[in-house]
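Visitor: I have a structure open and would like to learn how to read its features. Could you walk me through it?

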Amino acid sequence: MVAPGKGIIAADESSGTCQKRFDAVGVECTEENRRQYRQTIFTAEGLEQYISGIILYDETIRQKTDSGVPFPELLAKKGILPGIKVDAGAKELALHPGEKITEGLDGLRERLAEYSKLGTKFAKWRAVITIENGIPSEACIDSNAHAMARYAALCQEAGIVPIVEPEVLIDGEHTLERCFEVSEKTLEETFEELKEAGVAPEGTILKASMVIAGKKAAKQSSVDEVADATIRVLTATVPKDLAGVVFLSGGQGDEQATAHLNKMNQMGKYAWPLSFSYARAIQNPVLKIWAADTKNNVGKAQAALLFRSKMNALATQGKYSDEIEKERPY
Ligand code: 13P
């Protein structure tokens, strides 16, 4: 999953999230359109040079190519590990307005057994932490960390590698310093709960959000500030024997997300590989190009996918640059 020079694509948008993404580009969000779009991603030739794993959604893991090959089988044949999103989404946290708790533990043992049979090697669970005046609360951080630990333990019991994703949202006006504070607390609590649950760090991946000022903050963060603060929080909280850290893009610009990862990998070597697990920062141009002409633009969309995947793969080695970015084929 964190092989040198490779990263993960998150293609696990729930049907609800897919609806939002497809609406934005004017494509009807039917099961068949979702299948064709995912097929465009999975069949891109050479994707495995840059991508070690792809996270799927429950619907997607059961879908097939035009010629009838199940998606997980197609990926496995290319040497890409199929993963699965197993949480049931973030819901309102009772008695805590504006905060969320991720659901999905009920029946998870049975679902993991089925996903394992379908070829899944790893799983993902996303928790959402919102920064606003007076939040996040201890209750929100604690209950999400506890749920992630229960999820991760069930994954390891089933022989599936858990990705734990406590996402501190970029939305809002908060400063980078406030994001640091909240990220530190969230990560500390998450690793404490994982330890208490007996989850082996060597078989766990952290999917982290970067430390960055809120999207509406008066002062936006520079690449150097994001890289520096993110590394500081990770080195302070992440156990040295964790298998790896991958980032979500969280609404950052495509090139911005690549530049941040690149800078961190230029700054030094860490106890864990530092890679990516982007959804939007890889798929934004791909979806846009595909949507403009779903019949005839498959090749162009795949070229954009390969390019963004390559840029991020270079960033895992600190080898990305503005010069290389100029070769963009879209
Ligand atoms: P983004 O990269 O679009 O934030 O998505 C990552 C992800 O998988 C969120 O769970």
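Visitor: Is Trp290 buried or exposed?

Guide: Let me set the scene. This is a predicted model, where local features need pLDDT of at least 70, side-chain atom pairs count only at pLDDT 80 or more, and totals for chains, interfaces and linings use all residues. Residues are numbered from 1 along each chain as its sequence is written, and side-chain values use heavy atoms, with hydrogens and water left out.

Guide: Now the term: buried means under 20% relative accessible area, exposed over 50%, and partly exposed in between, using a 1.4 Å probe and protein chains only. Trp290 is buried, with a relative accessible area of 0%.

Visitor: Where is Trp290 found, and with which residues is Trp290 in contact, leaving aside its neighbours within four places in sequence?

Guide: Trp290 is found in helix H10; helices (H or I, at least four residues) and strands (E, at least two) are DSSP runs, numbered from the N terminus. Contact means heavy atoms within 4.5 Å. Leaving aside neighbours within four places in sequence, the contacts of Trp290 include Phe22, Val27, Tyr37 and Ala301.

Visitor: What about Arg35: buried or exposed?

Guide: Arg35, whose place is in helix H2, is buried, with a relative accessible area of 13%. The side chains of Arg35 and Asp66 are joined by a polar contact of 2.8 Å. A polar contact is a pair of N or O atoms within 3.5 Å; within protein, one must be able to donate a hydrogen and the other to accept it, and residues adjacent in sequence count only if both atoms are side-chain atoms. Beyond its neighbours within four places in sequence, Arg35 is in contact with Gln63, Lys64, Thr65, Asp66 and Phe71.

Visitor: How do I check the span of helix H9?

Guide: The expected span of a helix is 1.5 Å times one less than its number of residues. The 14 residues of H9 (residues 254-267) should therefore span 20 Å, and the end C-alpha atoms are 21 Å apart, which agrees.

Visitor: Which residues of H9 are buried?

Guide: An α-helix has 3.6 residues a turn, so residues three or four places apart point the same way. In H9, the buried residues include Asp254, Ala257, Leu261 and Met264. The buried residues of H9 pack against helices H8 (223-237), H10 (280-292) and H11 (298-315), along with strands S9 (244-247) and S10 (274-278).

Visitor: How many residues of S10 are buried?

Guide: 5 of the 5 residues of S10 are buried, so the strand is largely enclosed by the rest of the structure. Leu274, Phe276 and Tyr278 point one way from S10, and Ser275 and Ser277 the other way.

Visitor: Which strands pair with S10?

Guide: Two strands pair if DSSP finds at least two bridges between them. S1 (residues 7-10) and S10 pair in the parallel sense over 2 bridges, with Ile8 opposite Ser277. S9 and S10 also pair in the parallel sense, over 3 bridges, and Val245 has Leu274 as its bridge partner.

Visitor: Which atoms of Lys124, Glu165 and Gly250 approach the ligand?

Guide: A polar side-chain atom of Lys124 lies 2.5 Å from an oxygen atom of the ligand, and one of Glu165 lies 2.9 Å from a ligand oxygen atom. For Gly250, a backbone N or O atom lies 2.6 Å from an oxygen atom of the ligand. The protein covers 93% of the 300 Å² of accessible area (Shrake-Rupley method, 1.4 Å probe) that the ligand has on its own.
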